[in-house]
Amino acid sequence: DHTLQILGPFPIHAREQHFLSPSFPLNLSEPIDYNAKWPSAYADDGLVGWAKAIMSTTDLLEVSFPDIRWSSLRATEGWAAFQLHAVLRSTITVSGGISESVVPNLLVAIKQGSFFTVLPRTSRPEVAPKWYAGNIYGMAAAPPHSVPLPAAPQPGQSTTFDLFVSGDYEIRLFGDPAAGGREVPTLSVGVSVGLEAQPRRTLVHSRGHDVVPDFVDGRAFGGAVGVGLRSSGGWWTVRDVKVRDDALGKKVNVRLLEETRIAPSQTRRVPVVLEQTEAFTGSALPLEFSVVSEGDIIQHSIDLPVKQIAKWTASDFTPVIATHFEGSTALPFVVVPPTTLVVGHAMPPLLFLHGAGLNVLDLAFWECAPPRQARSWIILPTGRTEWVSTCHAYTCRATLTALQGLDWHGPSAVNAWQSVAALAAILDGSPLWRAWAYPADTRVVLLGHSNGGQGTWHVAGRYPDKVLAAVPVAAYSKSQSYELTVCRSAHFVDPALRAILESSLTPDDNDLFLSNLVDTPILAIHGGADENVPVWHTRALVDTLKTWNTDANVTFREDPGQPHCYTAAFDNQDTQSFIDQSLRENDAAVQRSKSFTLTVAIPSESGSLHGCRVLALDTPGRCAALLLMCKDNGITKVFTKNVQAFSVQMEERYIRTTSFNVEGQQIVARAESAQDHQYLVFTENQGVWKVSPPYDLYIQPSGRLSAILTSSGPLQIVTPAHDPRHLSAATRLAHSLDVYHKIDASILEAKEVQDLSHLSAANVVLITDGSDGLLAELLAGGGTPFTFEDGTLVVRGRVVKQSEAAVFLHPHPTRPEGLMLVIYADHETALERALRLFPVRTGITVPDWIIVSPEADKTGAGGVVGAG
C-alpha cells in the first residue's frame, strides 16, 4: 500500500534506536489505536499522533513533519533538534497462485530506514517481531532481505500483512536541511517489496559483490578475486573453481582460497586466487564453480567482466583498481601511479582516506582528492565498504560527513594499512612493475577529506610511527561533537552507568590522542564557509595539539569563503610544497621532543610512538599514558598512567641505551635482552616494574564489543542446532556485517563445532540460549566474570533473568590472538534486543559486556541493568 501511516516525531539520541524498540512507542503485540496520541517534546502541546504520507514514486516515501516549529527548536537546541524517530506502517498483500507446499519468501529492501519487520495483521500477542536491519546508508551492493512470511497465505486468496519501519533521521547521516535551503528535515525512505523467484533452492550470482582487479597490459593488478553468490534457499558449499576455456586455462589459473559455505538467504563473496603465466587480453573470465547442496553436485558458470587498461605513462594514466585478500575476503582499492620512475629511490606513497558518500571505485570524487604525484603512488582504500550514498537532492552535499561504516576506525584502519602493504607486494611481485616498487614497511603521507579527514586525525594519532606527515581537510573532530543534548536514555539511566557506556566511545575521541602527534608534521586545512563541518572543528584540534606542545609541528590553513568540498584544498602550491618537503625528509633523523606522551585507549588498535608502545592496561575502558623523558642517548625516564605493560623498540633511531628509570625504579636490561630481540618489554606487578621476555608479549584486545569485527578471517557465527529462530538471527547478523562492512561470516551449527577446539583462529560469535553445551564449556575455563550455573547465566553472583539478554566478549577458546562474542538470550524477544546491540555501526555505546532488560524498549539505555 503506497499510502503509509506515520507516527511521530519523537526525539532520539544518535544510535539510540539500537537500544529502543524500533516500533517505539508502540507495543506490536497489542492492538494499535490509530486515533491515540503519544507524548513527544517536539509538539506544541506535547502530543503527536498518526498522519498519512503517500509515496512520491513507486518506491520512495518522503517523511516530514511541517507542523513542528523547527526554527524555534534550532534556536535553542541547535542540531540536537534534528535527530528524530518515527514509525512507518504500510501493508503488503500477497494474492493468488500460492502453493501450500512452497510458500515464497518476501524480498524486502528498505533504504535509509534503520529497521523493519513484517507481521500478521491480527492475532499478534504470541508473535515476537523479527527486526531486520534496513540499508540506512543506501549502500549500493546491498542485497535485499529474504523474509519468510509470518503466516502461510491461504491458497487462491489474498492475504495481507503489516510492514513496520523504524524511520530515523540522523543529522550526522542525512545532513542539516539548512544546507539545502530547507527548514524542515525530510527523511527519504526507499521501500521495495517483491517475491523470491521460484524455485527457491537456487544459487544466484550477486554481481554487486564481485571484486576483480584491473588488467594492466594484460596482467592482473592483484591476485585476489571475489565472486558474489547468494542462496535463495538451502545450504550451499562451494568446493572448486576452474576456467571453462581450456586454452585460456593455460594462461590464467584459478583456485579457491578456501571452501565457502552459504546459508539460506546469505550472500558471500567467494575468494578465488588468480595466477597468470601469460598476458590475458579478454573482456571476461569464464569461471565454473563446483557447488554442493543436499548431496547434489552442481556446476555453476559465471562470466566475470574484466577491465583492460594500458600501462601508465608520464602524461597519461587511468586510475587502477587493485585487489588483495584480508583474511579470506577479496577487497579492492584504487591506486594512481607516479609520473616519474625513480630507480633505487622509491618515494613513500600518499595514503588518501575518502569522505562518506563517495565511491572511490567509481572515481567520481576527484574534486576532493590530491592530484597525481611526480614520484609517489597515491593509494585510495575503500575502508572495506564503498560507502555509496543514495541521498536525495538537498541532502547530497550534507552527507559527505555522514558517519558510515567504521569511520576509518578498527577494521577500516586495518584495511587502509593493508592496502599499502598490498600495493608493495603487487609491484615487487612482477618484473614488469618491480622498478616502481617501494619498501613494504614504508611510512606514508596520510591525507583525507571530511570523514576521511577525521580518519586522518584518528589513524595518525593511533599509528604515529607509520605516518611521515598528515594533511586532514574539512575534518570533523569526532562523532561525539555531533552528539545531542536531548535523548530518552538520559532521563532514565544512572549517570555512573551512563559513563561506563559512553566510555566505549573513548577510542573515537580524537582530541584525547593528540599528544601522539606533537612531532608529526601536519597541515590542517578547512574551508572558511564549510556548510557541513563547521571550521571550528579543525581550529579546536589545532588548539588542543598546541596546548600539548606549543612547538608542535602543525600548520593551520583556513581558506576564506570555501565550502566543504573544493578542488583547491589539495591541488595548490602550499599543499604540494608541504607534501614534497615531507617526502624529502623521509630519510632524515626522526625529530623527537625532549619529552613526549603516548596516549592509548585500546592497545590492539594503537601502534608505537618513537618506538614505544602500550601493550596492556591496568583498567580497560580507561585511557593509558606513557610520559617519556629523553636525552641524547634516547629514552631515560618513563612515567605511566593505567599501564600494565609497554615495549621499547631497540633501534638506533629510537634508543641507544639499555638503562631505564621507570616510575623511579632503575632498570638495566641484560645484554642478551638488548641484542637478541628488537624490543624490550616492561611489565608491572604490584607496583614493581621489570623487563620481561619478549615471548611474553601480549597486546590487550578488549575495550568494547566492536573489537570482534577485527578478525583474521570470516567471523564464525555459531547457533544451536536445528533452531530456526537462532538461524534467522545468524543470517540477519551476517547480512548486516556484509552490508555495513563487507565483513564475511560463516554460519555454523553447534553440532558441527562439537567442541570449542574445532573452531578456527578467526573471531567467533556464539548465539545461544545455553542449551547446546558450548556456553557451559566456554565459561568453565574462566576468562570473564560470567559463569553458567544450573542452566542459567550468572555474572558476579547475579542471575541473568529470562527476560534479559547479555552480550559480552570472551577470550577465544583456543587462540590467544582471537576473540569470542557471546549473545545470550533464552527468550525470543530478549534475543531481538541483544541483536540490535551488535556493533555494526559506530556510535553504539557497548563496552566489553552489557545486560539489557525489556525496559530498554521504551527507555533506551535506561533498560541497561549492567555493563563494564
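Start by selecting helix 13, residues 828-836, where seven of the nine residues are buried, so read it as a mostly covered helix under the cut-off of 20% relative accessible area. To see which ones these are, highlight Ala830, Leu831, Glu832, Arg833, Ala834, Leu835 and Arg836.

Before moving on, colour the chain by confidence. This is a predicted model, and the protein averages a pLDDT of 88, with 92% of the residues scoring at least 70. Now pick out residues 388-404, where the pLDDT is below 50. In the model this stretch still has 74 contacts beyond near neighbours in sequence.

**The domains**

Next, colour by domain. The assignment gives domain 1 as 3-195, domain 2 as 200-311, domain 4 as 603-692 and domain 5 as 705-867. Domain 3 takes three selections: 319-389, 403-479 and 495-585.

Keep domain 2 and domain 5 on screen. How many residues of domain 2 are in contact with domain 5? Ten residues of domain 2 touch 13 residues of domain 5. Place a centre on each of these two domains from the C-alpha atoms, and the separation comes to 32 Å.

**Two cis peptide bonds**

Go to the beginning of the chain and show the backbone as sticks. The peptide bond from Gly8 to Pro9 is cis, with omega near 0°. Pro9 is part of strand 1, residues 3-11.

Then step along to Phe24 and Pro25, which are also joined by a cis peptide bond, here with omega about 10°. Pro25 sits in the loop between strand 1 and strand 2 (38-39).

**Two positive phi angles**

For the next stop, select Asp217. Its phi is near 50°, a positive value in a residue other than glycine. You will find Asp217 in the loop between strand 14 (215-216) and strand 15 (219-220). Is Asp217 buried or partly exposed? Its relative accessibility is 48%, so Asp217 counts as partly exposed.

Now jump to Trp408, another residue that is not a glycine but has a positive phi, about 65°. Trp408 lies in the loop between strand 27 (378-381) and helix 4 (411-428). Turn on a surface here: Trp408 is buried, because its relative accessible area is 0%.

**A buried leucine in a loop**

Centre the view on Leu517, in the loop between helix 6 (495-502) and strand 30 (522-527). Although it is a loop residue, Leu517 counts as buried because its relative accessible area is 1%.

What is Leu517 in contact with, leaving aside its neighbours within four places in sequence? Select Trp457, Ala460, Gly461, Ile522 and Leu545 to see these partners around Leu517. Draw a distance from Leu517 to Ala460, C-alpha to C-alpha: it reads 7.3 Å, while in sequence the two are 57 residues apart.

**A nonpolar patch on the surface**

Finish on the outside of the model. Select Leu627, Met629 and Phe639, which make a nonpolar surface patch of about 220 Å². Leu627 belongs to strand 34, residues 624-631. With a relative accessibility of 33%, Leu627 counts as partly exposed, because that class runs from 20% to 50%.

For a closing view, show two leucines together: Leu517, buried at 1% relative accessible area, and Leu627, partly exposed at 33%.

Key: Residues numbered from 1 in each chain as written. Predicted model: local features only at pLDDT ≥ 70, side-chain atom pairs only at ≥ 80, totals over all residues. Heavy atoms only, no water. Buried < 20%, exposed > 50% of the residue type's maximum accessible area, 1.4 Å probe, protein only. Helix = DSSP H or I, 4+ residues; strand = E, 2+ residues; numbered from the N terminus. pLDDT = per-residue confidence, 0-100. Contact = heavy atoms within 4.5 Å. Patch = residues over 30% accessible without salt bridge, like charges linked within 9 Å, V, L, I, M, F, W, Y side chains within 5 Å. Areas by Shrake-Rupley, 256 points an atom, 1.4 Å probe, with all protein chains shown as cover. Salt bridge = Lys/Arg side-chain N within 4 Å of Asp/Glu carboxyl O. Domains from an automatic or database assignment.
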